Amino acid sequence: MHLREIVAIRVAEALARAQGEQLLPTVPVPDGLVERPQNADHGDFASSAPLKLARTMHMNPMEIAQKLASLIGTDQEISAVDVAAPGFINFTLAPEWLQEQVNGIIAEGDDFGSTELGKGQKIQVEYVSVNPTGPIHVGHARGAVLGSVLSSVLSAAGYDVSREYYLNDAGNQIDLFHQSLYARYLQALDKDAEVPENGYQGQYMVELGQEMAQTHGSTFADMPEGKGLTALGAIGIERMIQNIKEDLEALRVGFDVWFSETSLYTDKYYDKVMKMLTDGGHVTQREGATWFVSTALGEDKDNVLVKSNGLPTYFASDAAYHYHKFAVRGFDKVTDIWGADHQGHINRVKAVVGALGIEPEKLNIIIGQMVALKRGGETVKVSKRTGDIITLKELVEEVGTDACRYFFLARSADAHMDFDMELATKESQDNPVYYLQYAHARLAGILRNASENGKNFAQGDVHLLSTPEELTLIRQLLLLPEIVDSIVDTMEPHHLPHYTLELATAFHSFYDRCRVITDDEALTSARLKLVEAARIGLARCLALMGMTAPEKM
């Protein structure tokens, strides 16, 4: 339990006691009893509960605040409880308690920042899930980073996390890929062939066709066309999946499960879900097609499950897939991260989940908005190599994995983002990636220098850490568990890079004003302890973001 929760419990207990003793009227307790004040002069925590309660209690908020504050005592953690107009209760942490937390951070080590919010609940995070018909591009990469960081934070918060990629390896797009590859393969063998009008036209298909021709010769061309097309297509899809895995690994994005859409049909889950929807009265026949009656569940329109040609839609697959997630594999919660073009699918998927007897609230869907690449002030639209859309692989090669991860993470998922490739490669403090990693390298360098000079922090007395810069750095470090839980509550991982920047800034301020290694052995040991605590905190943040923490720069 982090400190904010502890303070909130004290406010809640004081409120319950005041109501029990009839000092205050009994009314419903509002949410959000404690927050961090914007102005540090007002203390470490503040409660606006009196302001929220004033109307229902029919009392002056200052009077409520005074009654509650009188019931909240000070102790080793809280040194002062004050009332401020127009009705706030402000809490100040005891300096001695703050100082002692440095030892606690060092003792926790790599686990610092972890919480028990999830209590072992099973949660699945599904992200990327691009059709295996082409390379990963920069738009997909944003969802990849969001998903991997969110998974890491959920794990740090005590959830049992499963990271999943849904392979759309069935349906019309796969058929088109097979036909497109077969045409490019025949062309590479100097045979006449046409790529379907709505097939895959990218340069990568030309190269893949040439590779298949070089590797397999005329093997597939010598087969009956249908057999050769299917056999070659299967090899091509496997190759595309392998390329996707390699590109994502270069971005440090991995998965526990690669789930095949085809398995939903071969294992009869599609059939089971269609029967459940039919038996539940959620299906109708119209215009030769099978429809999910979404309008009966509050949707604006009904949605097609099976087309008039008898083929299931992606929506039908989604219904079976989400049934499998909840009912078969037993996830307590599921988070899907989709691209901007899927915004309109959210309500219908939640509606069909509800129709299958699953609480829609258990399904959380995050939409990642579009990405524009910039080089300085100029928009970059196409690949230098092929003239096609820029791939993830090309972006990683140009700016590096750490920069990709940071910049994709730094904006809220629901905001359009500009990715400045020129800034991402700058070795200056204008580049936040450089700024963060330089802070870690500086921390590691201080500790390395101390060790080389026979100095250590084993006997350091943390109560010597009394300057404003030292106490500010400790306060900033202690925010990490709170940030972790906040990200879980909001499902907004972009708060992590912003917090990490603030932590690095607090360290740099400490470093500029407080010389660590001095002739004062006692103060040196104490400050080395703080440096080690800061290194642990910053390294944990970088690890949660999937970034490296360099020892030297």
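Two strands are taken to pair if DSSP finds at least two bridges between them. With that rule in mind, this tour of a predicted model begins at a sheet.

**The sheet.** Select strand S10 (residues 333-339) and strand S11, which pair in the parallel sense over six bridges. Within this pairing, Ile337 has Ile366 of S11 as its bridge partner. Widen the selection to the open sheet of five strands, whose order is S6-S5-S4-S10-S11, with parallel pairing. Strand S6 (257-260) and strand S11 (363-368) each have a single partner strand and stand at the edges, so one side of each lacks a neighbour in the sheet. Ignoring direction, neighbouring strands here are turned by 25 degrees against each other on average.

**Helices across the sheet.** Next, display helix H5 (residues 138-156), which lies across strand S4 (122-126), strand S5 (160-167), S10 and S11 and runs at about 160 degrees to S5. Then add helix H11 (residues 314-328), which lies across S4, S5, S6, S10 and S11, at about 145 degrees to S10.

**Aromatic pairs.** The model holds 18 aromatic pairs. Select Phe292 and Phe315: their ring centres are 5.8 Å apart and their planes stand at 55 degrees, so the pair is tilted. Phe292 belongs to strand S8 (residues 289-292) and Phe315 to helix H11, 23 residues apart. Phe292 is buried, with a relative accessible area of 0%, and Phe315 counts as buried at 1%. Move to Phe407 and Phe419, another tilted pair, with 5.5 Å centre to centre and 50 degrees between the planes. Phe407 lies in helix H14 (residues 401-409) and Phe419 in strand S14 (residues 417-420), so this pair ties together parts that are twelve residues apart in sequence. A cluster linked by ring pairs can be shown by selecting Tyr127, Tyr165, Phe255 and Trp258.

**The cores.** Phe419 appears again in the largest nonpolar core, where, of 144 residues, Phe408 and Phe419 touch the most other members. Helix H20 (residues 521-544) supplies the largest share of this core, eleven residues. Apart from this core lies another, of 32 residues, among them Leu305, Phe315, Phe331 and Ile358. Centre the view on Phe408: residues it touches include Val138, Ala141, Arg142, Leu395 and Phe419.

**Helix H4.** Finish at helix H4 (residues 95-108), which has 14 residues and reaches 21 Å from its first C-alpha to its last, close to the expected 20 Å. Its buried residues are Trp97, Leu98, Gln99, Gln101, Val102 and Ile105. These pack against helix H1 (3-20), strand S3 (88-93), helix H17 (468-478) and H20. Gly109 follows H4, with a positive phi near 60 degrees.

Terms used:
Residues numbered from 1 in each chain as written. Predicted model: local features only at pLDDT ≥ 70, side-chain atom pairs only at ≥ 80, totals over all residues. Heavy atoms only, no water. Core = buried A, V, L, I, M, F, W, Y, C linked by side-chain atoms within 4.5 Å. Buried < 20%, exposed > 50% of the residue type's maximum accessible area, 1.4 Å probe, protein only. Helix = DSSP H or I, 4+ residues; strand = E, 2+ residues; numbered from the N terminus. Contact = heavy atoms within 4.5 Å. Expected span 1.5 Å × (residues − 1). Axes fitted to C-alpha atoms, helices over the stretch in contact; angles between N-to-C directions. Phe/Tyr/Trp six-rings, centres within 6.5 Å; stacked < 30°, edge-to-face > 60°. Lists of a residue's contacts leave out its neighbours within four places in sequence.
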